[in-house]
Every structure is written in C-alpha cells, then in structure tokens.
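The following exercises introduce a protein model to a reader who has not met it before. Please study the sequence and the structure, then work through each solution in order.

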Amino acid sequence: MAVIDVPGFVADLKDHAVEHGFHVHDERHFVESYSLRQTWEGDMHPEECCEGPVDLYLSLEVDPRVLLGFEDVVMGRPDSDDPPDDFHFPMTFTWALPPLPHGPDLLVLATELAGLGGPELPLEVSAIDSIPAATDAPERSLRIVGHQQVSLLHIRDGDAVSCDVLEQCLAVSRYLLAGAPDWLS
C-alpha cells in the first residue's frame, strides 16, 4: 500500500485551485518508461479570463527514488512517529502570455511581481525577443516562473500547498491580466 496518493494529491490541488478563483482547463500525466519519473501538468487561469490572454501552467515532478525513499522511512517507523521532512517534489508555476508588441519594462515587472510573490513564491522574470520574419518587428514573449518544493510529509497530511501560495498565484495572474491590454495594443 502506498504511503501517499500522488494522483489524489493532484486532484485535491486542482479542487483547491478552483476554490481560490482559478478555472482548470486541462491535465496531463507523463510517465518516463525507463526511470518511471512522472510529471503531472495542469493548465489554469483566473475565472474571469477564460478567453485569455493569461495562462498558468502548473507542473509537479515525481521522482520515484524520492517517493520510495520516503515510503521506506515511513514504513520503518512506528505509526505515531513522523519521519523527518527531508523528502520533496519540485512544483513549478509558469505564466504565459501571447507575444507582446509593447512588452513591459522587465525590471519594473520583476520588482512588482516580487512584491506579489513574496518570499514564499520567488518569481523569475525573463523575456525572449524574436523576429518572425526579416521584415517584421520584434515580438517579446514573457516567461514568469515560480518554484516550490512540495513536502511529501505535507502531502501525506493533506496540507502540501498553502492557500497563501494559491492566492499569490492568483494575484500574479491578475496583475498580468491587468497589464496585458497595454502590452498587446
């Protein structure tokens, strides 16, 4: 019997995101056949922007060695004794927008988003300028990424992703949604 239920955690995470104002569109589950690494992905956005332009992609990477190590430690202890909180899965939040003809100042954007993400959700802001054809103007694509470490102990106990993190993700999404009309015009 498994010590934690990863598919159940992903389902609960999607429900939790809906409770915090997100609309979940899609879910994907990939399993690498050689190493048995798994990736769970979900596409979501704030409820108020079903027609775009802001999307949030959530990704949970499951390393079978971490999962098996956690199970070994849990099975080797009495039921009342919690294992150390040393086992984590990486979770990534990635925001996407369409190419922006009038992209924002990256330093200002990074500063504003750092205030929204706070220390619990550090955000990386980057951009790629591309020229579709030699006669076209450059288009700027933004990439905003937040990284979290999800504790297997907290997954087991049912409190792995806090409400604060989901609220911060919603605040970042709404900030990008508010700026998008100026960047896209």
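**Exercise 1.** How many disulfides does the structure hold?

*Solution.* This is a predicted model, in which local features need pLDDT of at least 70, side-chain atom pairs count only at pLDDT 80 or more, and totals for chains, interfaces and linings use all residues. Residues are numbered from 1 along each chain as its sequence is written, and side-chain values use heavy atoms, with hydrogens and water left out.

Step 1. A disulfide is a pair of cysteine sulfur atoms within 2.5 Å. The structure holds zero disulfides.

Step 2. Cysteine 163 takes part in no disulfide, and its nearest cysteine sulfur, that of cysteine 169, lies 12 Å away. Cysteine 169 has its closest cysteine sulfur in cysteine 163, and because the 12 Å between them is too far, there is no bond.

**Exercise 2.** Determine whether each of these two cysteines is buried, partly exposed or exposed.

*Solution.* Step 1. Buried means under 20% relative accessible area, exposed means over 50%, and partly exposed lies in between (1.4 Å probe, protein chains only).

Step 2. Cysteine 163 has 39% relative accessibility, so it counts as partly exposed.

Step 3. Cysteine 169 has 1% relative accessibility, so it counts as buried.

**Exercise 3.** Describe the order of helices and strands, and find which helix gives the most to the largest nonpolar core.

*Solution.* Step 1. Helices (H or I, at least four residues) and strands (E, at least two) are DSSP runs, numbered from the N terminus. The protein chain has five helices and six strands, in the sequence order α-β-β-β-α-β-α-β-β-α-α.

Step 2. A nonpolar core is a set of buried Ala, Val, Leu, Ile, Met, Phe, Trp, Tyr and Cys residues joined through side-chain atoms within 4.5 Å. The largest such core has 46 residues, and Leu60, Trp95 and Leu176 have the most contacts inside it.

Step 3. Helix 5 (residues 163-184) gives the most to this core, contributing nine residues.

**Exercise 4.** Why does threonine 94 count as buried, and which residues is threonine 94 in contact with, leaving aside its neighbours within four places in sequence?

*Solution.* Step 1. Threonine 94 belongs to strand 4 (residues 88-96).

Step 2. Threonine 94 counts as buried because its relative accessibility is 17%. Across the protein chain, buried residues make up 38% of the 185 residues.

Step 3. Contact means heavy atoms within 4.5 Å. With those neighbours left aside, threonine 94 is in contact with Asp55, Leu56, Tyr57, Arg143, Ile144 and Val145.
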